[in-house]
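Colleague: I am new to this structure and should like to understand the reasoning behind the terms applied to it. May I put some questions to you?

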Amino acid sequence: MSSEGPYHNEFDFEFLGNTTGEPYLLQTNVYVNGVGNREQRMNLWFDPTKDFHSYSLLWNQRQVVFLVDETPIRVHTNMEHKGIPFPKDQAMGVYSSIWNADDWATQGGLVKTDWSHAPFVASYKGFEIDACECPVSVTADEIAKKCSSSAEKRFWWDEPTMSELSLHQSHQLVWVRANHLVYDYCTDTARFPIKPVECEHHRH
């Protein structure tokens, strides 16, 4: 998902290239006001090439949750009360593509794309968007008014139960991160000698 412009917001699911026989890495990233560099990578508990799986985003005023087959794998929490920007007032579109990132994506760029396997195909089914429809042309204030729950209208994603993970989901997230997380920008002291401020406060 992404908005437009130099200070865009963006939520990414990215399958990185792999060497034959090695696990596929799923990378997630979050951009807020044009600033990204919030990558997390994990190996999945299944082979994503063998069957269709569900990759979902829950985005509301309180959190952004990345889910795989309804299991949360990452949570980006609204911490505006601590002065940390949160993506909430830009309309976003949904995009999907295959792109060549062999300068960095596979083993840090060591393994290049084998073009003899082209054409490369991505297939989708069960695609669904359940959201507040908002033209790009409207202002941030209009977006907030149109897409916020009120006495007259309630959006399911604004319900109190959607403001944080359930206890079961929290346990799932802990399991995923303990068993499948292989890279977290929050712990990369080579890239970030000073820990990014949101990492100081995130529970996960």
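Colleague: What makes the link of Cys186 and Cys199 left-handed?

Modeller: The model is a predicted one, and in it the torsion about the S-S bond of Cys186 and Cys199 is -75°, a left-handed link.

Colleague: How do you know that Cys186 and Cys199 form a disulfide?

Modeller: Two cysteine sulfur atoms within 2.5 Å count as a disulfide. Those of Cys186 and Cys199 are 1.9 Å apart, so the pair meets that limit. The bond links distant parts of the chain: Cys186 is in the loop between β7 (181-184) and α3 (197-201), Cys199 is in helix α3, and 13 residues separate them.

Colleague: Why are Cys186 and Cys199 called buried?

Modeller: The term applies under 20% relative accessible area. Cys186 has 15%, so it is buried. Cys199 has 10%, so the word applies to Cys199 as well.

Colleague: How many disulfides does a search of the whole structure find?

Modeller: The search finds two. In the other bond, the sulfur atoms of Cys132 and Cys147 are 2.0 Å apart. This pair also links distant parts of the chain, with Cys132 in the loop between β6 (71-77) and α1 (140-146) and Cys147 in the loop between α1 and α2 (167-180), 15 residues apart.

Colleague: Why is the disulfide of Cys132 and Cys147 called left-handed?

Modeller: The torsion about its S-S bond is about -70°, and therefore the disulfide of Cys132 and Cys147 is left-handed. Both ends fall under the 20% limit and so count as buried: Cys132 has 19% relative accessibility, and Cys147 has 15%.

Colleague: What pattern do the disulfides of the protein chain follow?

Modeller: With bonded cysteines counted along the chain, the pattern is 1-2, 3-4. Cys134 is in no disulfide. The nearest cysteine sulfur belongs to Cys147 and is 4.3 Å away, which is not within 2.5 Å, so the pair does not qualify. Cys134 has 15% relative accessibility and is therefore buried.

Colleague: How do you know that Glu14 has no salt bridge?

Modeller: A salt bridge requires a side-chain nitrogen of Lys or Arg within 4 Å of a carboxyl oxygen of Asp or Glu. For Glu14, the nearest side chain of opposite charge is Arg41, 7.2 Å away, so the requirement is not met. Glu14 is nevertheless buried. The residue lies in strand β1 (residues 10-15). Leaving aside residues up to four places away in sequence, Glu14 touches Leu25, Leu26, Gln27, Trp99 and Trp104.

Colleague: What places the charged end of Arg41 over the ring of Tyr183?

Modeller: One part of the test is that CZ of Arg be within 6 Å of the ring centre. The charged end of Arg41 sits over the ring of Tyr183 at 5.3 Å from its centre.

Colleague: Why is the pair of Phe13 and Tyr55 called edge-to-face?

Modeller: A pair of aromatic rings is described by the distance of the centres and the angle of the planes. Centres must lie within 6.5 Å, and planes over 60 degrees apart count as edge-to-face. The rings of Phe13 and Tyr55 have centres 6.1 Å apart and planes at 65°, so they satisfy both conditions. Phe13 in strand β1 and Tyr55 in strand β4 (residues 55-59) are 42 residues apart, and their pair links distant parts of the chain. At 24% relative accessibility Phe13 is partly exposed, as is Tyr55 at 29%. Ring pairs link Phe13, Phe15, Tyr55 and Phe66 into a cluster.

Colleague: What makes the pair of Tyr185 and Phe192 edge-to-face?

Modeller: Their planes are 75° apart, with 6.1 Å from centre to centre. Because 75° is over 60 degrees, the term applies. Tyr185 has 2% relative accessibility and so counts as buried. The structure holds 10 aromatic pairs.

Colleague: What is the peptide bond from Ala118 to Pro119 called, and where is Pro119?

Modeller: The bond from Ala118 to Pro119 is cis, with omega near 5°. Pro119 is in the loop between β6 and α1. Most residues other than glycine have a negative phi, and most peptide bonds are trans.

Methods: Residues are numbered from 1 along each chain as its sequence is written. This is a predicted model: local features need pLDDT of at least 70, side-chain atom pairs count only at pLDDT 80 or more; totals for chains, interfaces and linings use all residues. Side-chain values use heavy atoms; hydrogens and water are left out. Helices (H or I, at least four residues) and strands (E, at least two) are DSSP runs, numbered from the N terminus. Buried means under 20% relative accessible area, exposed over 50%, partly exposed in between (1.4 Å probe, protein chains only). Lys and Arg count as positive and Asp and Glu as negative; His and the chain ends are not counted. Contact means heavy atoms within 4.5 Å. Rings of Phe, Tyr and Trp (its six-membered ring) pair if their centres lie within 6.5 Å; planes under 30 degrees apart count as stacked, over 60 as edge-to-face and the rest as tilted. A charge sits over a ring if NZ of Lys or CZ of Arg is within 6 Å of the ring centre and within 35 degrees of the ring normal.
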